[in-house]
Amino acid sequence: MEFLYAIEVMLNGLMAGVMYSLVALGFVLIYKASGVFNYAQGVMALFAAMTLVGIMEGRVPFAHLIDAAFGVHVSSFGWTVPAVVAILLTALVMIGLAILIEKLVLKHLVGQEPIILFMATIGLAWFLEGLGDVMWGADVKVLDVGLPQGISETVERVTYDWLGYGFFIDRLDIWAAMIAAALVAALVGFAQYTKQGRAMRAVADDHQAALSVGISLRFIWIMVWSIAGFVALVAGIMWGTKSGVQFSLSLIALKALPVLMLGGFTSIPGAIVGGLIIGMGEKLFEYFVGSLVGGATENWFAYVLALIFLVFRPQGLFGERIIERV
Amino acid sequence: DLVVPNLSYRTGPYGANGTQYADGFNDYFTLLNERDGGIGGEKVQTPECETAYNTEKGVECYEATKGSGALVYNPLSTGITYQLIPKVSADKIPLYTPGYGRTSAKNGKVFEWVFNAPANYWDGASVAVKYLLDQNGGSLEGKKIALVYHNSAYGKEPIRTLQELSKKHGFSLTELPVDPPGQEQKSQWLQIRREKPDYILMWGWGVMNQTAIQEAANIRFPMENFIGTYWSGSEVDVKPVGAGANGYKALTFHGVGMDYPIYEDMTKYVIEPGKASQGGQFVGSVLYSRGMYAAVVIAEAIRKAQELAGTPQINAAQLRDGFEALDITPERLAELGLPDFGPEIKMTCDNHGGSGMARLQQWDASTGKWTLITEFTEPDQEVLDPLIVEDSEAYAKEAGISPRC
Amino acid sequence: MQEGYTTADGREIGGVLMDLRNITLRFGGVTAIKDISFDIREGEIRAIIGPNGAGKSSMLNVISGFYVPQEGEIWFKGYRRGPMKPYEVARLGLARTFQNIALFDGMSVLDNIMTGRLNMMKASLWSQALWWGPAEREESENREQVEKIIDFLEIQNIRKTPVGRLPYGLKKRVELARALAAEPRILLLDEPMAGMNVEEKEDMCRFILDVNDEFGTTIALIEHDMGVVMDLSDRVVVMDYGRKIGDGTPDEVRSNPEVISAYLGVAHE
Amino acid sequence: MFYREAGDFKTSYRDDSQTFPIKLDRWGYYAILAVAFLVVPFVIDSYWANAVLVPFLIYAIAAIGLNILTGYAGQVSLGTGGFMAVGAYSVYKLMVAFPGVPIVVHIVLAGAITAVVGMLFGLPSLRIKGFYLAVATLAAQFFLIWFFNKVPWFYNYSASGQINAPERTILGWAVTGPATTASAKYLMCLSFAVVLAWVARNLTRGSVGRKWMAIRDMDIAAEIIGVNPLRAKLSAFAVSSFFVGIAGALLFAVYLGAAEASEAFGINKSFLVLFMVIIGGLGSIFGSFAGAAFLVLLPVFLKNVLVAQFGWPTDLAAHIELMIVGALIVFFLIVEPHGLARLWALTKEKLRLWPFPH
Amino acid sequence: MFDAMPDRETLLEVNNIEVIYNHVILVLKGVSLSVPRGGITALLGGNGAGKTTTLKAISNLLHSERGEVTKGTISYRGERVQELDPASLVRKGVIQVMEGRHCFEHLTIEENLLTGAYTRSDSRADIARDLELVYTYFPRLKERRKSQAGYTSGGEQQMCAMGRALMSRPETILLDEPSMGLAPQLVEQIFEIVRAVNEGEGVTFLLAEQNTNVALRYAHYGYILESGRVVMDGPADALRENPDVKEFYLGMSDQGRKSFRDVRSYRRRKRWLA
Ligand SMILES: Nc1ncnc2c1ncn2[C@@H]1O[C@H](COP(=O)(O)OP(=O)(O)OP(=O)(O)O)[C@@H](O)[C@H]1O
Ligand SMILES: Nc1ncnc2c1ncn2[C@@H]1O[C@H](COP(=O)(O)OP(=O)(O)OP(=O)(O)O)[C@@H](O)[C@H]1O
Ligand SMILES: [Mg+2]
Ligand SMILES: [Mg+2]
């Protein structure tokens with residue numbers, strides 16, 4: 001029984017890990033393509049989810065601002081948009097955002113050190129956070145695109161018949177796992193086997209050299225940020241469904257960081273494998289050790305696990321070897 | 001004019017909660033100004049300052065507003081309250097923290113400037129246990145209760161009390177901390193699923209609440225056995241979960257909904273003329289009501305202070321006297337248009353926390369409304385009083401305060 | 001041949017200072033160095049030449065302790081050198097320059113050169129924190145030495161410039177200055193003259209010869225300019241594909257048929 | 001035309017390596033010090049002290065600390081909040097356990113304890129580099145906060161885990177506790193900031209500083225020319241944590257007076273200090289002050305303008321403030337990626353050439 | 001063999017450009033050149049003379065180094081190209097091989113070469129054929145095709161950078177110090193390749209070189225740059241005979257090449273710009 005329970009914890013850990021991976025993927029894409037550590041990824045997920053809800057519910061963007069500036073009360077257009085259409089529209093918004101980011105930020109920072117670009121994404125994160133709130137309001141929004149939630153009875157029944165103990169698996173998690181698998185397969189294929197994928201890796205290595213062979217940084221960046229925006233949207237949908245769309249959604253980025261470390265900043269499969277290991281590790285640790293030391297170990301455990309791992313493999317599981325030459 | 005700063009937070013991790021509270025607080029004073037021309041003929045100003053639930057911004061807001069003759073502070077944050085306790089003592093300005101802040105501030109002998117009536121965290125814990133006792137015919141012997149709490153100063157507050165109560169009533173207590181923000185609680189809920197506690201109490205705030213309620217629904221925990229504290233029982237916590245949240249219970253120390261006469265005036269003087277904070281979109285919600293209730297108590301204390309001082313132009317020290325002589329009787333509440341909205345509040349020099357009475361409300365997902373399911377209940381003072389004395393005296397010693405009264 | 005010898009222009013060369021015996025270095029599947037032995041004598045100018053990718057830089061990295069060879073022994077001043085970290089090797093009196101200039105871009109020329117003397121600066125953290133006594137004294141003393149080198153290499157006017165902004169040739173010179181500041185027993189130079197025109201090469205040669213003359217510093221250098229190599233060096237090692245294919249005086253090497261076919265192409269004048 | 005270095009000759013290496021080689025700069029510096037010590041304390045009110053100057057000075061100390069680690073030694077750290085917590089809890093325990101010992105000693109000791117903890121968490125830096133290290137230092141951040149939260153000994157078993165600073169005095173003046181005057185708080189922080197800035201400057205201009213910078217710019221080359229990377233990195237972690245620990249101690253004891261680990265020293269603090277360092281300028285002491293000033297003052301300023309001047313609702317103002325600060329950060333980075341310090345230096349360079357550029 | 005080719009059409013024209021880095025450092029102070037179609041033009045000069053800057057100004061890569069062209073014009077095929085981004089310039093047929101190689105460290109040699117073909121929309125087969133061609137020019141690269149470029153030797157990286165540029169089937173190659181760090185045999189080889197590509201495929205070259213000797217042997221026309229100004233230009237043969245060039249750039253005195261050992265004192269250099 002104890003053993004089965006541990007397995008259940010592990011399975012749920014794996015599922016939680018998939019949810020982290022969804023966020024980590026966005027980081028990896030951008031890092032791989034521009035060497036930029038995109039701190040704004042979490043906020044992008046929040047922004048995407050807010051926009052999605054806003055569109056679905058037919059909210060008027062900037063209602064609050066319009067109210068304050070012109071004294072006109074507006075809140076809703078009075079229509080609703082079906083989920084699929086809204087998702088497409090939101091994806092378009094994310095592409096627009098990518099174009100703007102390239103135009104207003106990245107373009108001017110070509111060739112700067114990574115830490116400077118990192119800082120710029122922090123500025124971006126603040127801006128987007130403020131913008132999201134001004135556009136759609138800071139209330140907690142309910143996001144329902146029709147994904148199922150709650151215990152999967154099938155799994156419970158089958159495992160009960162089979163093992164005498166019904167496992168708890170959330171249906172939302174099962175969906176997340178399937179979506180993540182599809183995303184990863186598509187992205188890996190793209191990065192390794194297409195011309196644009198190769199160009200993207202070239203850009204990550206050396207901006208100047210990439211320019212010199214005629215790779216348009218602009219195009220690559222817009223492309224990658226758009227894809228990352230889409231990934232953020234997917235992460236936003238999953239996490240938003242789980243716990244509502246609100247400020248805290250942007251903090252899931254913190255859950256994705258140890259995943260990145262473990263998997264390697266540059267590896268798409270690494271994001272998934274890292275997520276699985278972290279998810280499983282932290283749940284099992286909390287289960288076996290957490291109760292002995294007072295609980296709430298999950299936040300730091302993931303980082304410590306990743307840290308210990310890095311000591312042995314400084315580039316993460318699948319990260320590119322760090323080239324050390326003189 | 002009377003200045004009552006509103007240290008609110010409408011942004012940041014808890015912005016969704018803070019914004020409703022701040023609206024209620026503002027609107028009540030607007031009502032007084034519009035309808036009665038203020039209190040005792042003096043208009044009330046509520047300069048608002050955004051703290052984002054951040055302690056340093058809280059300090060900044062305090063410093064920025066205190067110069068303008070601030071009478072009382074109500075920051076809606078336990079962290080900021082702790083910051084402000086030494087400051088208000090030095091500056092001699094009352095601090096009113098209904099249902100949050102430092103519990104042992106109930107002891108007016110040590111905390112001269114802090115008031116937390118009608119109820120505090122420990123009262124809540126005790127009332128919840130009393131309710132469960134009632135449900136179980138007076139005995140919790142052998143029952144299992146799990147406490148899911150926000151892993152912070154705030155969330156840890158009820159632990160001592162609950163431990164004492166568990167000794168007294170013979171139930172077992174499992175503590176399950178959740179690190180803020182609390183979007184990922186799988187481990188805690190798997191543990192609950194395994195240990196199958198009879199009841200769950202929750203001390204949460206912000207996104208942690210709805211995630212917990214969602215997870216409880218996911219593992220099909222019977223919602224009626226799941227009780228949240230005051231701050232885990234607002235619409236934002238249950239609505240995102242939808243039908244799954246039906247039957248969830250929470251503590252409260254005031255009434256809910258709009259079935260009170262005061263809302264006629266509120267509509268007439270505040271909402272319809274477009275003077276409501278944020279257009280009045282949250283009127284009647286739990287947190288709005290709570291913000292309004294805090295304003296009601298402050299307004300009554302001001303009235304009392306004016307009476308004692310013999311002038312409408314009171315200062316902060318006079319307001320403290322007003323608080324200490326405050327007695328909001330049920331009749332007075334009815335007069336204010338809020339019959340049976342809150343318990344009777346009676347404060348004295350040594351009791352800054354009132355009676356500590358609280359009640360329970362339950363969520364009905366189909367109508368989207370909270371309904372009150374118990375009367376105001378008295379907490380177990382026998383257990384609480386010694387704890388309060390102990391904690392406040394420790395503070396007095398640390399801070400070198402000699403008890404008054 | 002333990003004894004020294006006298007060069008054509010009459011300089012006395014001492015005994016063996018460093019002896020590399022049967023060095024083999026592999027990177028995964030690539031064997032960068034295959035069983036190479038040679039020695040460097042006190043006071044001589046020793047050149048290492050060979051085609052690109054032959055393993056010359058790797059050899060220098062082995063000497064300075066950055067690569068650890070899978071096989072072979074390194075003897076220094078008559079003692080076998082155990083496994084050592086690069087910074088420990090540096091303290092034995094080895095200093096070097098790098099093929100792809102490894103200056104500290106964020107620092108000024110002066111600070112870069114001062115880093116060469118780090119091993120001679122021993123003031124404690126405390127005295128440095130308070131800038132008191134030993135720290136201050138030491139700073140001035142070392143600064144004086146460094147200024148001598150700056151004068152010697154004629155880079156006075158760029159003292160305070162951040163090195164990132166300097167043109168290539170000057171960077172090379174600053175790198176040399178940094179290596180010299182360490183007052184090394186052996187100076188390892190990896191293509192010190194790459195990317196320079198003749199005039200600048202002449203200057204560089206002059207500096208190298210003077211260092212060798214004045215301080216008696218032993219020099220090992222890698223260079224692709226045959227003119228420079230043949231004129232400067234006392235003895236030359238030739239590498240190809242990780243193997244040693246020649247070792248001897250410039251004249252001997254020049255007429256070695258294997259060297260000609262692998263490296264020089266045509267017989268060089 | 002007025003800003004000149006001509007005619008300002010140095011006759012010794014000692015003069016040449018002083019902090020402000022240009023006379024005008026030196027005078028400016030003395031003037032600022034004189035005003036800060038002799039004028040400001042008499043005119044300061046509690047709003048300026050508590051909302052602006054005290055936090056500015058404390059953050060400047062933390063920023064100098066992080067700048068030593070990140071700007072000089074090139075090791076990006078996101079553990080600053082955790083290390084500040086170490087400083088705060090150390091000083092609390094010391095203050096309560098040894099009430100007779102002067103508070104300044106406690107604060108310095110708190111710094112020393114933090115230095116040891118910092119060194120411990122600095123160990124992985126030998127293997128882990130760049131952003132991997134940055135993320136790895138988050139382990140310190142989360143672990144330390146959890147630890148202070150979980151072990152009741154640190155907060156003397158108080159019910160809520162809050163710590164409160166008791167009153168302590170220097171020469172009869174209260175510097176901690178509720179009775180502290182605005183100018184006492186300010187002077188206390190100012191003295192620490194000035195002394196520590198001076199120490200930081202000394203360290204960074206000497207051989208330790210060069211070792212750090214060498215490791216930052218090219219660690220392999222540094223090792224080959226004789227820098228022991230372990231010692232250089234650990235000394236950077238130690239010194240940096242010492243500064244950060246003192247900042248944490250001051251933040252808790254002098255500024256806030258009460259604190260709780262996860263609220264006062266959360267991950268946001270780590271990021272905030274890192275922003276200060278980058279905005280101000282990596283590898284610049286002056287930059288640390290500039291960055292701290294920028295990020296402490298700007299929000300206060302914007303808030304005052306938007307709410308007090310324009311009368312906007314506070315939430316809208318807060319959101320727009322966030323947008324403006326974010327946009328300004330990006331804007332400054334585009335104008336000058338090396339921070340305010342470089343911007344200032346460039347301005348001076350232009351002034352020096354003025355009115356004859358090129 | 002064509003010499004100065006005065007009759008040829010001018011492909012690239014640089015007219016009196018000024019370049020400033022970081023808004024303050026003035027590096028080029030009015031440089032003019034013209035590059036004829038199908039020719040090899042050499043840009044010579046000492047360290048820091050501004051050769052690299054000139055090439056980057058042409059290929060529009062200055063931007064990312066915080067440098068900008070503040071005066072003068074650059075035209076390619078008579079069209080102003082200053083405003084173009086580097087990618088469009090590559091599409092027009094101008095590609096630069098940067099100083100210091102700049103290979104993509106984490107990509108393999110072969111992937112590096114393939115990025116060179118990024119702007120081409122030709123079929124895979126065409127690209128594969130060109131890849132083979134590059135491998136025949138540089139057999140060493142074929143051996144290392146699967147290694148990460150970051151781990152190859154300096155010379156291998158230089159070849160990789162050259163090969164990568166060839167992969168774009170350019171009309172003009174701007175070559176910055178191709179000989180730096182290469183073994184003598186390889187230097188000859190690379191210049192032979194330059195000549196072969198030039199003659200066989202009509203590619204125009206503008207090359208910046210320190211190795212004046214070789215450069216002038218292969219180039220048709222040369223410019224000598226000093227401190228950001230063109231101080232001398234002329235057909236390669238004429239330059240080779242110029243006594244100043246002989247002494248300062250070729251290291252020859254009247255007695256022929258002198259030994260580096262015999263340089264006894266630091267000479268006061270002759271400067272055209274005193
Ligand atoms: N990014 C930059 N910022 C500031 N100054 C620069 C920058 N790049 C080059 N310079 C300056 O411009 C001048 C010319 O440099 P450039 O690289 O064009 O010379 P070069 O002729 O190519 O020299 P070399 O033969 O050494 O490569 C040099 O003095 C250099 O210091
Ligand atoms: N760290 C490393 N990992 C893998 N391979 C390496 C490494 N360092 C060098 N090599 C390989 O070893 C061989 C020798 O390289 P090395 O740099 O020593 O050549 P070199 O003789 O200096 O050539 P060049 O004259 O071009 O600089 C090359 O094929 C290179 O790819
Ligand atoms: Mg080499
Ligand atoms: Mg150049």
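This section describes two ligand sites, a magnesium site and one strand of chain E in a predicted model.

Ligand 1 lies between chains C and E. Its shell is made up of 19 residues, and the closest of these are C:Arg165, E:Thr52, E:Thr53, E:Glu99 and E:Gln210. By class, six residues of this shell are nonpolar, eight are polar and five are charged. Several polar contacts are found on the chain E side. An oxygen atom of ligand 1 is 2.8 Å from a backbone N or O atom of E:Lys51. Another contact involves E:Tyr21, where an N or O atom of the side chain is 3.5 Å from a nitrogen atom of ligand 1. For E:Glu99, a polar side-chain atom lies 2.5 Å from an oxygen atom of the ligand. Ligand 1 exposes 630 Å² when taken alone, and the protein buries 84% of that area. The elements that give two or more residues to the shell are α6 (168–181) of chain C and, in chain E, β2 (25–36) and α1. Of these, α1(E) gives the most, with three residues.

Two residues listed among the closest to ligand 1, E:Thr52 and E:Glu99, also take part in the magnesium site. The protein donors of the magnesium ion (ligand 4) are OG1 of E:Thr52 and OE of E:Glu99, at 1.8 to 2.4 Å from the ion. This pair links distant parts of the chain, with the two positions 47 residues apart in numbering. E:Thr52 belongs to helix α1 (residues 51–59) of chain E, whereas E:Glu99 is in the loop between β6 (94–97) and α3 (109–116) of chain E. The two donors fall into separate burial classes. E:Thr52 has a relative accessible area of 17%, under the 20% cut-off, and therefore counts as buried. E:Glu99 is partly exposed because its relative accessibility of 23% lies between the cut-offs of 20% and 50%.

The second ligand site draws on three chains. Residues from chains A, C and E surround ligand 2, so this site is shared between chains. The shell holds 22 residues, and the closest are C:Ser57, C:Ser58, C:Gln99, E:Arg144 and E:Tyr151. It divides into five nonpolar, eleven polar and six charged residues. Polar contacts come from both chain C and chain E. In chain C, an N or O atom in the side chain of C:Asn52 is 2.8 Å from an oxygen atom of ligand 2, and a polar backbone atom of C:Gly55 is 2.9 Å from an oxygen atom of the ligand. In chain E, a polar backbone atom of E:Tyr151 is 2.5 Å from an oxygen atom of ligand 2. Taken alone, ligand 2 exposes 640 Å², of which the protein buries 96%. Two or more residues of the shell come from each of α1 (56–63) of chain C and α6 (154–166) of chain E.

Strand β3 (residues 40–45) of chain E is mostly covered, with six of its six residues buried. In a regular strand, side chains alternate between the two faces of the sheet. Both faces of β3(E) are covered: E:Ile40, E:Ala42 and E:Leu44 are buried on one side, and E:Thr41, E:Leu43 and E:Gly45 are buried on the other. Five bridges join β3(E) to the parallel strand β8 (residues 204–209) of chain E, where E:Ala208 stands opposite E:Leu43. Five bridges also join β3(E) to strand β9 (residues 221–226) of chain E, again in parallel. In that pairing, E:Leu44 stands opposite E:Ile224.

Technical notes. Residues are numbered from 1 along each chain as its sequence is written. Chains are lettered from A and ligands numbered from 1 in the order in which they are written. This is a predicted model: local features need pLDDT of at least 70, side-chain atom pairs count only at pLDDT 80 or more; totals for chains, interfaces and linings use all residues. Side-chain values use heavy atoms; hydrogens and water are left out. A residue is near a molecule or strand if one of its heavy atoms lies within 4 Å of it. A polar contact is a pair of N or O atoms within 3.5 Å; within protein, one must be able to donate a hydrogen and the other to accept it, and residues adjacent in sequence count only if both atoms are side-chain atoms. Accessible areas come from the Shrake-Rupley method with a 1.4 Å probe; for residues, only the protein chains shown count as cover. Helices (H or I, at least four residues) and strands (E, at least two) are DSSP runs, numbered from the N terminus. Ala, Val, Leu, Ile, Met, Phe, Trp, Tyr, Cys and Pro count as nonpolar, Asp, Glu, Lys and Arg as charged, and the others, Gly among them, as polar. Buried means under 20% relative accessible area, exposed over 50%, partly exposed in between (1.4 Å probe, protein chains only). Two strands pair if DSSP finds at least two bridges between them. Donors are N, O and S atoms within 2.8 Å of the metal (3.2 Å for Na, K and Ca); water is not among the atoms, so sites may look incomplete.
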